[in-house]
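Hi everyone, thanks for making room for me today. I'd like to walk you through one structure, so please have it open as I talk.

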Amino acid sequence: MKETIQMREPISWMEYPAWLEAFQQPLPENLAAPGEIAAFEAESFAGENRKNSPSFCFVPDETLGESYILERDDPGKITVRGGEQGILYGTYEALFDLICEKPLPEGIQTPAYSLRMLDSWDNPDGTIERGYAGRSLWFEGGCFSYDPVRIRQLGRMLASTGINVLCINNVNVDASARSLIGDLLPETAGFARLLRPFGIRLMISVDFSSPMAIDNVNPDAGRRALRTADPLDEEVSMWWKNCAARVYEAIPDLAGFLVKADSEHRPGPNTYGRSHAQGANMLAAALAPYGGKLVWRAFVYNCMQDWRDTGTDRPCAAYDLYKPLDGQFADNVILQVKNGPYDFQVREPVSPLLLGMQKTNLAAELQLTQEYTGHQIDLFVMPPLWREFFDRMGKEKISAVAAVSNLGRDENWTGHPFAACNLFAFGQYAWNPNRNPEEVIRRWIRLSGYRKAEEKLTAVLLQSSRIYEKYTAPLGLCWMVNPGEHYGPSPWGYEFQAWGTYNRADRNAVGIDRTASGTGLLKQYPPELALQYEDPSVCPDEYLLFFHRLPYSFLMRDGRTLIQRIYDDHFEGYNEVLRMQQTLSELDLPERDRLAVEERMQMQIHNAREWRDVINTFFHRLSGVPDQYGRKIYN
Ligand code: GCW
């Protein structure tokens with residue numbers, strides 16, 4: 001019998017607005033500056049049969065730069081005062097407020113962070129490392145390949161939420177990506193030109209050993225490669241100076257270079273016995289004449305650890321390496337630090353490095369792409385976690401925020417249609433980290449055309465990260481995920497590997513003691529935080545197993561034992577996914593989204609069930625403690 005497979009009609013990306021439901025009219029190619037885009041957006045908004053929509057008046061004031069002031073003296077007119085870029089931001093803000101029926105913000109609006117960067121992990125061959133929304137939007141087959149109409153829409157998306165820098169390639173720079181500042185430089189410059197009118201500047205990830213490459217990064221006639229990449233070698237620093245001169249001639253407003261060095265087998269200054277300050281400063285000196293920034297990632301640890309070695313604790317690594325270098329970095333170096341000390345796990349405390357470097361410019365790095373948080377299959381909406389993160393973070397030294405992109409060539413941009421909320425929210429928080437998560441989520445919902453579903457959808461999205469956390473990582477215990485792909489449960493998958501990712505569960509206890517008497521991670525924290533985390537009876541539940549090794553019989557504040565709490569969370573988490581599915585199925589969503597959401601929800605249910613049963617079985621087998629309520633645990 002012939003099977004009939006029901007295929008969904010392919011839908012164009014143009015029908016997926018993300019949060020730009022009211023901004024679907026393609027942007028004309030000839031708009032060359034932020035002011036022109038602002039005027040176009042305001043006019044087309046008014047033109048689209050919106051009776052009584054106010055007229056816009058733009059008052060340029062270059063002293064305001066990216067900042068703006070909105071005034072509405074009479075209901076029929078909105079005045080946007082700002083630098084040219086500020087006018088664009090102010091216009092989007094005003095239009096968004098009109099759509100959401102909210103009052104305009106009062107007073108001068110200034111971004112909290114001057115660099116608000118989206119880091120893509122796109123490779124020139126079109127793949128995206130840890131990408132869950134299809135292939136790259138701008139690379140294919142080893143070079144640039146894109147639809148300019150779509151890239152302009154991307155520029156509009158990013159500018160409308162306040163992002164001003166796009167790092168176009170993976171921090172793991174392969175040979176073909178080296179050519180972005182070599183043979184492919186004219187194309188890189190063309191791409192920069194396309195995004196420039198939106199106030200979006202490019203950043204490029206570079207390979208520390210580029211001077212030694214005999215491939216397409218070296219434009220000299222003979223392609224003469226150097227024998228070393230030692231940052232203190234004169235020829236090496238000259239090589240980078242020449243390189244920067246060439247790159248800035250082609251892209252005068254390039255934001256700078258991003259570097260992953262001495263991390264996960266990437267080359268770096270350690271090879272030459274040089275410090276990371278020496279390595280970063282040499283590159284920074286090449287960029288300084290052009291006002292470029294050198295963003296240096298602090299994600300450095302021993303990825304060849306022997307699991308038998310209990311004296312080494314990966315979350316301690318970055319602080320141990322960088323704290324002694326505080327004060328040694330050049331002014332145009334920014335140290336980019338992941339939000340937690342491990343690696344974008346479902347729940348981590350803030351990285352002590354973000355609290356401890358007093359004399360170094362810092363960027364906080366978040367991960368939008370859902371590597372450890374459900375691959376854009378499971379719902380995981382991040383603003384509630386960011387609220388907590390920004391509350392904890394020492395704000396003074398942090399001048400930048402970056403986030404690993406969740407975008408791809410999928411029609412709906414982010415795989416799961418609701419994952420776009422995370423990208424939108426990132427831009428909103430990068431402007432103003434004090435926002436209320438519920439307001440950000442509601443704003444996204446209204447802008448995205450889900451207003452009819454607003455109440456229930458807000459509730460679902462607000463809870464989604466907490467639910468995911470419940471059925472996956474118990475109480476801040478990390479790395480129980482399938483190795484490599486990082487989706488689905490595998491409690492000992494990482495236990496005997498070299499990545500420094502252990503839970504050390506045995507029949508009596510689980511977790512790693514990271515207090516002063518253990519690995520000492522807590523000593524890296526400011527005293528008031530260390531004090532709070534040190535004592536398991538006051539440590540917040542969500543960090544309990546991040547900082548402590550505890551017996552299964554440990555009594556939690558709510559009177560439950562640790563093991564019972566693990567069982568309860570996993571049973572509840574799964575049930576909450578079922579309820580979420582029920583709620584979502586009742587929502588009035590556009591047909592295209594309803595199908596995509598339902599499809600992914602079924603996969604999420606499957607995943608949550610796997611997590612529930614694997615984790616509960618794992619702990620039950622080890623501990624021998626039965627579930628207090630006699631629920632089914634597989635043995
Ligand atoms: O968590 C790891 C990811 C790698 C990534 C690395 C990093 C780009 O699994 O895929 O590499 O983090 O942040 O450098």
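Let's start at E371, where a polar side-chain atom lies 2.6 Å from an oxygen atom of the ligand. Keep in mind that this is a predicted model. E129 makes a similar approach: one of its polar side-chain atoms is 2.5 Å from a ligand oxygen. Then there is Y372, with an N or O atom of its side chain 3.2 Å from an oxygen atom of the ligand. How much of the ligand's own accessible area does the protein cover? On its own the ligand has 340 Å² of accessible area, and the protein covers 96% of that.

Now look at the whole shell. The ligand is surrounded by 15 residues, and the closest are E129, K260, R297, D343 and E371. Sorted by class, that shell holds eight charged, four nonpolar and three polar residues.

Next, please find H486. You'll see H486 in the loop that runs between α13 (454–471) and β15 (509–510). Is H486 buried or exposed? Its relative accessibility is 3%, and buried means under 20%, so H486 counts as buried. This histidine also takes us back to where we began, since the side chains of H486 and E371 are joined by a polar contact of 2.8 Å. Setting aside neighbours within four places in sequence, H486 is in contact with R130, E371, Y372, H375, V481 and Y494.

Let's move on to a helix, α7, which covers residues 276–287. Why does its length make sense? At 1.5 Å a residue, the 12 residues should span 16 Å, and the end C-alpha atoms are 17 Å apart, which agrees. Nine of those 12 residues are buried, so α7 is largely enclosed by the rest of the structure. Among the buried ones are H276, G279, M282, L283 and L287. What covers them? The cover includes α6 (234–250), β10 (256–259), β11 (293–297), α8 (317–322) and β12 (333–338). At the N-terminal end, S275 acts as a cap, with a side-chain oxygen 3.2 Å from the backbone nitrogen of A277.

We can do the length check again on α2, residues 84–100. Its 17 residues should span 24 Å at 1.5 Å a residue, and the end C-alpha atoms are 25 Å apart, so that agrees too. Helix α2 is mostly covered, with 15 of its 17 residues buried. Just after α2 comes E101, which takes a positive phi of about 55°.

To finish, here are two serines. S205 sits in strand β9, residues 201–205, and S205 counts as buried because its relative accessibility is 2%. Its side chain reaches the backbone oxygen of N169 at 2.8 Å. Not counting residues up to four places away in sequence, S205 touches C167, N169, N170, V171, V173 and L258.

S585 is in helix α16, residues 562–586. At 37% relative accessibility, S585 counts as partly exposed. A polar atom of the S585 side chain lies 2.7 Å from the backbone oxygen of Q582. How far is S585 from L595 in space? The two are 10 residues apart in sequence, and their C-alpha atoms are 9.6 Å apart.

That's my tour, and I'm happy to go back to any part of it.

Notes:
Residues numbered from 1 in each chain as written. Predicted model: local features only at pLDDT ≥ 70, side-chain atom pairs only at ≥ 80, totals over all residues. Heavy atoms only, no water. Near = heavy atom within 4 Å. Polar contact = N/O pair within 3.5 Å; in protein donor to acceptor, adjacent residues only side chain to side chain. Areas by Shrake-Rupley, 256 points an atom, 1.4 Å probe, with all protein chains shown as cover. Nonpolar A, V, L, I, M, F, W, Y, C, P; charged D, E, K, R; others polar. Helix = DSSP H or I, 4+ residues; strand = E, 2+ residues; numbered from the N terminus. Expected span 1.5 Å × (residues − 1). Buried < 20%, exposed > 50% of the residue type's maximum accessible area, 1.4 Å probe, protein only. Contact = heavy atoms within 4.5 Å.
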